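Reader: Hello! I would like a close look at one part of a protein model, with enough of the overall picture to place it.

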Amino acid sequence: MGELAKAVARLEEQFEDVRELRKIVERFDMEIAARMDEIETIGGAILDLHGDLDNQIAEYDYMAVEQSAASLRGLVNPAEVLPAIDTVFLLTALRDDESIPDLALPLSALENSDAGEHPRLTQDDLDREFKADLARADQRWEEIWGDHAWKDPDERDSQRAEHRAEAEREAIKDRARRAAAHIEELVDYIGDTLWPDLVEAVEAGDRERAVRALAAACAAARETEPAYKLYEVNLSAQYESSPMSLGAMGEYLRDFETWLRAPKAE
């Protein structure tokens, strides 16, 4: 074989090697993009939950609210999310011929973490607002009727009692609404604040920051479980105070309760 033929053969071999390398890089890029799409899709699904919760809360569909809260916890499950994050970091390092990142953080560190400054709410918080609502209602009554010349003291007491009863029903409804809003606030905090930070950290190659964001998201998602219980308790109080204030759900529950209490035929 002549020298020219040998040179051509070497060039063909080099070209074939380059082509194979390009194929490998393309496969890396495709896999990295797929994992990033998976992570970003979770963020979109979290934001979609807010719209679902809006409707479920408006319809007093407490069972659907509970399911949405459970869905959120499933979406940010570190056993599913962390491997996708680490795949991006590992493949990026291999593609770019960089040092392999430390992927030693155990899942238990996320599962048991109470990281983050997620919104918090307790029954004591709600009860304080409840009492403040009643105090403001009493003050309004005094401002309107306090100086009124009542001919009959019983009429004054009756009207004040009626006003107080209505104010209490409204305060009970507001308390349940605040408990429901807390669940939405947790969802928004994860979807609007934590997940964008997580995505940005992965894109920037900052694993420590990404893991912190995931840990905070997991902690906030776990908070939806006691948040739902808080909502359930206060919605039950609203039903007991004013069943029909729950709309179609209140009517359904009242009919079901009537059916349960009805004497059964032998």
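How much area does the protein expose, and what share of it do carbon and sulfur atoms supply? After that, please take me to the contact of H2 with H8.

Author: Happy to help! Please keep in mind that this is a predicted model. The protein exposes about 15900 Å², and 52% of that area is supplied by carbon and sulfur atoms. Of its 266 residues, 34% count as buried.

A few words on the fold will help to place your helix pair. The protein has 9 helices and 0 strands, so its pattern along the sequence reads α-α-α-α-α-α-α-α-α. Take the contacts between residues at least 6 apart in sequence: 77% of them join residues at least 24 apart.

Now to the pair itself. Helix H2 covers residues 62-75, and helix H8 covers residues 224-241. Their axes come within 10 Å and cross at roughly 170°. Because angles over 145 degrees count as roughly antiparallel, H2 is roughly antiparallel to H8. The residues of this contact divide into 7 nonpolar, 1 polar and 3 charged. On the H2 side they are Tyr62, Val65, Glu66, Ala69, Leu72 and Arg73. H8 meets them with Thr224, Glu225, Tyr228, Tyr231 and Leu235.

Staying with H8, we can move on to another helix. Ala227 belongs to the stretch 224-241 of H8, and Ala227 is in contact with His182. His182 itself is found in helix H6, which spans residues 153-204. Its relative accessible area is 2%, so His182 is buried. Leaving aside neighbours within four places in sequence, His182 is also in contact with Pro119, Arg120, Leu121 and Glu223.

H6 leads on to one more residue, Leu134, which lies in helix H5 (residues 123-145). Leu134 counts as buried because its relative accessibility is 8%, with under 20% as the cut-off. Beyond its neighbours within four places in sequence, Leu134 is in contact with Arg164, Ala167, Glu168 and Ala171. These partners fall within residues 153-204, the range of H6. For a distance to check in your viewer, try Leu134 and Ile172: they are 38 residues apart along the chain, and their C-alpha atoms are separated by 9.8 Å.

To put your request in one line: H2 and H8 are roughly antiparallel, and their contact includes 7 nonpolar residues.

Technical notes
Residues are numbered from 1 along each chain as its sequence is written. This is a predicted model: local features need pLDDT of at least 70, side-chain atom pairs count only at pLDDT 80 or more; totals for chains, interfaces and linings use all residues. Side-chain values use heavy atoms; hydrogens and water are left out. Helices (H or I, at least four residues) and strands (E, at least two) are DSSP runs, numbered from the N terminus. Buried means under 20% relative accessible area, exposed over 50%, partly exposed in between (1.4 Å probe, protein chains only). Contact means heavy atoms within 4.5 Å. Accessible areas come from the Shrake-Rupley method with a 1.4 Å probe; for residues, only the protein chains shown count as cover. Axes are lines fitted to C-alpha atoms, for helices over the stretch in contact, and angles run from 0 to 180 degrees between N-to-C directions. Angles under 35 degrees count as roughly parallel, over 145 as roughly antiparallel, 65 to 115 as roughly perpendicular and the rest as oblique. Ala, Val, Leu, Ile, Met, Phe, Trp, Tyr, Cys and Pro count as nonpolar, Asp, Glu, Lys and Arg as charged, and the others, Gly among them, as polar.
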